[in-house]
Amino acid sequence: MSTSHATATPERTRGLVGVLAGGVFMGAAEIVPGVSGGTIALVFGIYDHLIATLSEGASALGAALRGDVRGALARLRRLDWAFAVVLVVGMGAAIVTLSGVLEHLLATRPVAMSALFAGLVGGSVVLARGELHGLLGSVDRTAAVGVAIATFLVLGITPGRVVDPSVPLFFGAAAIAICAMILPGISGSFILLLLGMYEPVLAAVTDRDLVVLAAFAAGAATGLALFSTWLDALLARHHDRTLAILLGMMAGSLRVLWPWPVGADGVGEAALGAPVAADVPVAIAAAVVGVLLVVGIAWIGRATLDDTSDGLHDHETVTT
């Protein structure tokens, strides 16, 4: 007999107002190079519940594909639809309303924006430690430091562009990149950049290549279903160790938010350059603002716990 982690509402799940706010900030993060929505989910305390919801949806899809219609419907009924819908609405609203503003600021104020995002991520690393259930042991601390170093080094790999990729390659790239959506610290667009598939994907969107876009969507759905199920199991069995590794990824990903990158790509560029003296005060101020913002975001999320937690209905724990 085993307890289903996916159907239990976590203690730290926020009320609907907090989830909506989390969705707004997650949506904003997803359109910022080098910043992951998973980082924001950790700060808001909804990360475990997000992964559990995705995993439950993946199990429903798997049951449907096996022809088990009754099992699929049962799993769909167990989904926390209030949580899922409100989160998606918040993310969609942010993407639609903020993409133009952020695109303009990233192009015109790259140093300040990089430092701001670095402050957001750095502050998130510190605050996300509050999601740990206990004190980290030496093995977990070593794992976190090792992953941070590995992430820092991997992000320094100079990406190359894949020329004339095949349709299966789009499928595989999407399956890998979509995992970044639910991992703190690394954005999906940056994963595509590392794989050399960023420009081909953009070209497919611009050209309305329906075959390629269908393959990309299928790969994304497959990757998200498989990875969320695996990550949900890790969080259920090894919560603090898994979270320590995720925190290491967040810390290592700060490389792509260095305010003075080499090259013309600006925010999200992994090649590190020397600081420009005239920009240092601006960068420091922006980083401080970023830290204060993430503290404020965390406060908003926590402040809604007592007042609106009834908006998220509790799911009964299912045993098999």
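The legends below accompany close-up views of a predicted model.

**View 1. Overall architecture of the predicted model, an all-helical chain with 13 helices and zero strands****.** Read along the sequence, the elements follow the pattern α-α-α-α-α-α-α-α-α-α-α-α-α. Of the 320 residues in the protein, 44% are buried. Among contacts between residues at least 6 apart in sequence, 80% join residues at least 24 apart.

**View 2. The crossing of helices H3 and H11, which is left-handed****.** The axes of H3, which spans residues 47-65, and of H11 come within 8 Å and cross at roughly 130 degrees, which makes H3 oblique to H11. On the H3 side the contact is made by Tyr47, Asp48, Ile51, Ala52, Leu54, Ser55 and Ala58, and on the H11 side by Leu224, Ala225, Ser228, Thr229, Leu231, Asp232 and Leu235.

**View 3. The pairing of helix H3 with helix H4, residues 69-78****.** Here the axes also come within 8 Å, and they cross at roughly 165 degrees, so that H3 runs roughly antiparallel to H4. This crossing, too, is left-handed. The residues in contact are Glu56, Ser59, Ala60, Ala63 and Ala64 of H3 and, from H4, Gly71, Ala72, Arg75, Leu76 and Arg78.

**View 4. Helix H2, residues 37-44, a mostly covered element****.** Eight of the eight residues of H2 are buried, namely Gly37, Gly38, Thr39, Ile40, Ala41, Leu42, Val43 and Phe44. The helix is followed by Gly45, whose phi is positive, near 75 degrees.

**View 5. The surroundings of Gly23 in helix H1, residues 16-30****.** Gly23 has a relative accessible area of 0% and is therefore buried, the limit for that class being under 20%. Once neighbours within four places in sequence are left aside, Gly23 is in contact with Leu87, Gly90 and Met91. Ala41, one of the buried residues of H2, is 18 residues from Gly23 in sequence, and the two C-alpha atoms are 8.2 Å apart in space.

**View 6. Ala84 in helix H5, residues 81-108, together with Thr53****.** Although 31 residues separate Ala84 and Thr53 in sequence, their C-alpha atoms are 7.5 Å apart in space. Ala84 has a relative accessibility of 23% and counts as partly exposed.

**View 7. The tilted aromatic pair of Phe227 and Trp230, one of two aromatic pairs in the structure****.** A pair of aromatic rings is described by the distance of the centres and the angle of the planes. For Phe227 and Trp230 the centres are 5.4 Å apart, with 50 degrees between the planes. Both residues belong to helix H11, residues 210-237, where they are three residues apart and thus separated by about one helical turn. Phe227 is buried, with a relative accessible area of 15%.

**View 8. The edge-to-face aromatic pair of Trp258 and Trp260****.** The ring centres of Trp258 and Trp260 are 5.2 Å apart, and the angle between their planes is 70 degrees; the pair counts as edge-to-face because that angle is over 60 degrees. Trp258 is partly exposed, with a relative accessible area of 31%, whereas Trp260 is buried, at 10% relative accessibility.

**View 9. The charged end of Arg255 over the ring of Phe152****.** In this view the charged end of the arginine sits 4.6 Å from the centre of the phenylalanine ring.

**View 10. Met197 in the loop between helices H9 and H10****.** The loop that holds Met197 joins H9, residues 188-194, to H10, residues 198-207. Met197 is a buried loop residue, with a relative accessibility of 2%. Not counting residues up to four places away in sequence, Met197 touches Val162, Pro165, Leu169, Phe170, Ala173 and Leu192. Of these partners, Leu169 is 28 residues from Met197 in sequence, with 8.8 Å between the two C-alpha atoms.

Technical notes. Residues numbered from 1 in each chain as written. Predicted model: local features only at pLDDT ≥ 70, side-chain atom pairs only at ≥ 80, totals over all residues. Heavy atoms only, no water. Phe/Tyr/Trp six-rings, centres within 6.5 Å; stacked < 30°, edge-to-face > 60°. Helix = DSSP H or I, 4+ residues; strand = E, 2+ residues; numbered from the N terminus. Buried < 20%, exposed > 50% of the residue type's maximum accessible area, 1.4 Å probe, protein only. Lys NZ or Arg CZ within 6 Å of the ring centre and 35° of its normal. Axes fitted to C-alpha atoms, helices over the stretch in contact; angles between N-to-C directions. Parallel < 35°, antiparallel > 145°, perpendicular 65-115°, else oblique. Left-handed = near helix turned anticlockwise from the far one by under 90°. Contact = heavy atoms within 4.5 Å.
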